[in-house]
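Here are a few exercises to work through with the model open in your viewer. Try each task before you read its solution.

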Amino acid sequence: EPWGVAVAEDGTVYVADTWNHRIQVFDAEGNFLRMWGVFGQVLDPNTYPNLLYGPRDIALDAAGYLYVADTGNKRIVKYDPYGQMVGAVGGEGSGDGQMLEPVGVAIGPDGALYVADTWNQRIQVFDANLRFLRKWPIYTWSGMSVVNKPYLAVDRWGNVYATDPEGYRILQFDAQGQVLATWGQYGTDAFSMNLPTGIKVDTSGTIFVSDSENGRILVFRGSGGD
């Protein structure tokens, strides 16, 4: 049950193989290269980098480092491309830097890391060294169902996009958390959604949304730097 995927500049594909509790790596043709991770629970986020508990997402920065949402262990782990731990942040709680059900992760154009800290109903932002920068609330991330998993994307202008699965909508913020736009409603037509989860933005600002319960991908024209 792979939930997260990230692609490097050279075409290498990194997959969060969620319920096998591991990261798998493939080349651009789909040939297996390597993997790391086994099931395990940790209390200190900076220990046992090979233990993962249902990792949900992966983000890659410009230097090629991976940021893995180790969801069940309530932490983000930073790895090099070969699975060596560089750092981590998290631990159970609601304080700055602590997490409850981290799911989506995304990297901004300045290298900042954005985390969907789902059950704390907020987005947290960290620098590339995993130091806490800021946060803002998303009160509609209230459901604790196994399918209510919000994901994030950041465009090249620094706009942040978040899925609101059980709100059937997309939220757009600036980098400081000010709401810029929202769209979506429950339904099956071209302007509606049913449990939107994954989201990506390409370099032109086009937004791609996994409308999961409708079994389709929705594509929207973004506002870009306007």
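**Exercise 1. Find out how much space the largest pocket holds and what lines it.**

Keep in mind that this is a predicted model. Start with the volume: the largest pocket contains about 960 Å³ of space.

Next, go to the lining, which consists of 31 residues. Nearest the pocket centre you'll find Val7, Glu9, Leu60, Asp61 and Ile107.

Now look at which elements give two or more residues to that lining: strand E1 (2-7), strand E7 (57-60), strand E11 (102-107), strand E15 (152-154) and strand E19 (196-201).

Finally, sort the lining by class. It splits into 18 nonpolar, eight charged and five polar residues.

**Exercise 2. Work out where the largest pocket lies relative to domain 1 and domain 2.**

First, get the bounds: domain 1 covers 1-100 + 121-137, and domain 2 covers 143-225.

Then check who contributes to the lining. Both domains give residues to it, so the largest pocket lies between them.

**Exercise 3. Decide whether the radius of gyration of the chain agrees with that of a compact globule.**

Begin with the expectation: for 226 residues, a compact globule would come out near 17 Å. The chain has 16 Å, which agrees.

For the extents, take the C-alpha trace along its principal axes, where it spans about 45 × 40 × 30 Å.

Then add burial and contacts. Buried residues are 53% of the 226 in the chain. Of the contacts with a separation of 6 or more, 38% are between residues 24 or more positions apart.

Last, count the secondary structure: there are 21 strands and zero helices.

**Exercise 4. Take Gln121 and Leu195, place each one in its loop, and say whether it is buried or partly exposed.**

Gln121 goes first. Its phi is positive, about 55 degrees, although the residue is not a glycine. For its place in the chain, look in the loop between strand E12 (113-117) and strand E13 (122-126). Its relative accessibility is 24%, and the partly exposed class runs from 20% to 50%, so Gln121 counts as partly exposed.

Now Leu195. Here too phi is positive in a residue other than glycine, with a value near 65 degrees. Leu195 sits in the loop between strand E18 (179-183) and E19. With 8% relative accessibility, under the 20% cut-off, Leu195 counts as buried.

Terms used:
Residues are numbered from 1 along each chain as its sequence is written. This is a predicted model: local features need pLDDT of at least 70, side-chain atom pairs count only at pLDDT 80 or more; totals for chains, interfaces and linings use all residues. Side-chain values use heavy atoms; hydrogens and water are left out. On a 1 Å grid over the protein atoms alone, a cavity is a set of points where a 1.4 Å probe fits but cannot get out, and a pocket is an open set with protein on both sides within 12 Å along at least five of seven lines; lining residues have an atom within 4 Å of a point. Grid points are joined across faces, edges and corners, and a volume is the space filled by probe spheres set on the points. Helices (H or I, at least four residues) and strands (E, at least two) are DSSP runs, numbered from the N terminus. Ala, Val, Leu, Ile, Met, Phe, Trp, Tyr, Cys and Pro count as nonpolar, Asp, Glu, Lys and Arg as charged, and the others, Gly among them, as polar. Domain bounds come from an automatic or database domain assignment. The radius of gyration is taken over C-alpha atoms; the globule rule is 2.2 Å times the number of residues to the power 0.38. Buried means under 20% relative accessible area, exposed over 50%, partly exposed in between (1.4 Å probe, protein chains only). Contact means heavy atoms within 4.5 Å.
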